[in-house]
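Me: I have a model open and want to talk through a few of its features. Can we start with helix crossings?

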Amino acid sequence: MLCGVIALCFTGFPGKVKRGLRQIFAPTPLVISADEKDIRRQIESRLRAEMEEELEREVAAINKAAADKAAKQAADDAVAPDPEAAPEVGTVMDVRKLRSGIRFKTEVKIEKGGIASKERLDEASYTAFYQLTLRMPTPAQTIEELEKSNPELSKSLPGLSALIGKAEVSAWFARLYEEKTTRIRRDANTLNELLTKHNVYDCETILQFRTPGGRPVFFMQAEMDVVSDGSDGDRLPTMPDEIVNSSYYQPYTSYGWPKKSETANPMVAGWEKRLAGGEKELADKATTAERKSWLKARIAFLKRGIADLKSRSFLIAEYDPFIVIPTSILTSNDPFAPKTGDFAVVVHGSKLYPAIVGDGGPTFKVGEASLRMARELNPKASPYSRPVSDLKVSYLVFSGSRDAEKGPPDYEKWRQRCHELLAEVGGLGEGRELHLWQDLLPKPVPPLPTPVPAGTPPAPPTAPPP
């Protein structure tokens with residue numbers, strides 16, 4: 001046997017075993033679909049915008065702190081302190097309501113200690129304690145709990161009650177609040193601005209169930225914030241200068257399709273202007289190495305964005321009705337998780353609105369829709385004013401219902417498709433109907449006829465065709 005093993009080593013068998021093990025343990029290549037590329041680009045753009053906003057806030061905070069310090073120094077110089085005055089020993093209580101809606105209580109304890117040279121070496125002589133309390137919500141699971149926020153729900157969709165009774169709480173509800181708590185812990189540890197109480201409690205529940213025919217349905221009860229992104233040169237060749245030149249307006253959405261015409265996207269001009277400015281600053285010898293590193297990444301980002309804007313079109317939040325789902329959900333393999341392009345119905349009060357999943361949003365918040373959808377729910381809605389602050393909006397997404405090919409919005413087609421999908425959950429209630437979206441995009445003005453000079457004889461009548 002030993003001789004046989006030794007002889008086997010001089011054959012091709014060990015090489016086959018080695019190649020087989022390599023194939024087994026080799027890492028599987030990651031294949032990224034077109035949808036995921038769109039979503040990754042969207043995430044990159046959103047993160048970059050957040051970073052730029054954060055930088056501006058930090059610069060403003062530094063300038064304010066410097067001004068406050070100068071003002072305090074001037075006041076101290078003007079009024080000499082009383083050398084015999086000693087701090088009052090005791091407890092000082094101060095309760096304030098922060099902008100983020102958190103009840104904030106401060107307690108400053110001042111005690112008598114030893115001489116300064118001793119206290120400055122004792123770590124316990126000057127300490128702070130910060131405790132934040134947050135109650136994690138329980139998801140609503142019954143139709144009765146849901147109708148506390150949306151009383152018309154079962155009247156609008158009579159068949160929903162039985163399906164909700166069999167529904168399961170989606171794992172995405174727990175993951176959403178995990179994302180929130182992770183962010184809150186990070187910001188609390190760095191004494192940074194926290195999530196507002198409004199954005200902490202923005203979701204009543206996320207449920208999942210199947211229709212009698214087996215279709216997965218993603219149900220969410222939440223508020224509604226506003227998204228104002230998107231551009232499409234084919235349907236809207238001109239946009240206001242304040243949008244074109246804005247560094248924060250996002251010209252694309254997760255839902256996009258190949259351009260249908262040669263008309264340029266109006267946002268390209270603003271992006272090319274920023275690209276030229278970045279390249280000029282990069283070539284300047286006075287630019288620091290750190291700044292140049294940032295500029296190189298910025299220029300690469302702008303070039304990719306410009307190429308995308310020249311070849312593709314996107315939804316326009318001001319004109320197209322769509323909802324936004326966190327990118328973490330859109331990119332998952334969960335069969336109940338919505339994907340870009342899936343059809344959806346928004347229920348608010350006694351109204352039902354057909355829509356699609358059109359964009360990906362932050363992973364730590366839910367309940368967002370396009371400006372067009374928001375203004376239909378509340379005419380006063382704007383990019384700076386949400387249409388519904390309470391948890392009164394129901395979102396039904398029919399997972400896997402998207403069209404095989406993406407294209408320009410067809411509102412009537414969307415409406416008919418949502419009608420068919422609602423029939424799978426029992427149909428509309430008595431007296432209810434799906435909203436009919438009108439195309440509000442400005443139409444091209446026809447050219448004026450060429451004026452005829454005075455005295456010109458009229459053209460002879462055209463002979464009728466045989």
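Reply: One term to begin with: a crossing is left-handed if the near helix is turned anticlockwise from the far one by less than a right angle, and right-handed if clockwise. Note also that this is a predicted model.

Me: ok, which hand is the crossing of α11 and α12?

Reply: α11 passes α12 in a left-handed crossing.

Me: and at what angle do the axes of those two cross?

Reply: Roughly 155 degrees, with the axes of α11 (residues 267-283) and α12 (residues 289-311) coming within 9 Å. Angles over 145 degrees count as roughly antiparallel, so α11 is roughly antiparallel to α12.

Me: what classes of residue are in that contact?

Reply: The contact of α11 with α12 has 11 nonpolar, 10 charged and two polar residues.

Me: switching to pockets. How much space is in the second largest one?

Reply: The second largest pocket holds about 1600 Å³. It is lined by 38 residues, and Lys105, Thr106, Glu107, Phe129 and Tyr130 are the closest to its centre.

Me: which elements give two or more residues to that lining?

Reply: Those are β2 (103-110) and α9 (197-200). β2 gives the most, with eight residues.

Me: and how does the lining divide by class?

Reply: Into 20 nonpolar, nine polar and nine charged residues.

Me: last topic, aromatics. How many pairs in the whole structure?

Reply: A search of the whole structure finds seven aromatic pairs. In one of them, Tyr353 and Trp437, the ring centres are 6.0 Å apart and the planes are at 40 degrees, so the pair counts as tilted.

Me: where do Tyr353 and Trp437 lie?

Reply: Tyr353 is in strand β10 (residues 351-361), while Trp437 is in the segment after α15 (411-423). The pair therefore ties together parts that are 84 residues apart in sequence.

Terms used
Residues are numbered from 1 along each chain as its sequence is written. This is a predicted model: local features need pLDDT of at least 70, side-chain atom pairs count only at pLDDT 80 or more; totals for chains, interfaces and linings use all residues. Side-chain values use heavy atoms; hydrogens and water are left out. Axes are lines fitted to C-alpha atoms, for helices over the stretch in contact, and angles run from 0 to 180 degrees between N-to-C directions. Helices (H or I, at least four residues) and strands (E, at least two) are DSSP runs, numbered from the N terminus. Angles under 35 degrees count as roughly parallel, over 145 as roughly antiparallel, 65 to 115 as roughly perpendicular and the rest as oblique. Ala, Val, Leu, Ile, Met, Phe, Trp, Tyr, Cys and Pro count as nonpolar, Asp, Glu, Lys and Arg as charged, and the others, Gly among them, as polar. On a 1 Å grid over the protein atoms alone, a cavity is a set of points where a 1.4 Å probe fits but cannot get out, and a pocket is an open set with protein on both sides within 12 Å along at least five of seven lines; lining residues have an atom within 4 Å of a point. Grid points are joined across faces, edges and corners, and a volume is the space filled by probe spheres set on the points. Rings of Phe, Tyr and Trp (its six-membered ring) pair if their centres lie within 6.5 Å; planes under 30 degrees apart count as stacked, over 60 as edge-to-face and the rest as tilted.
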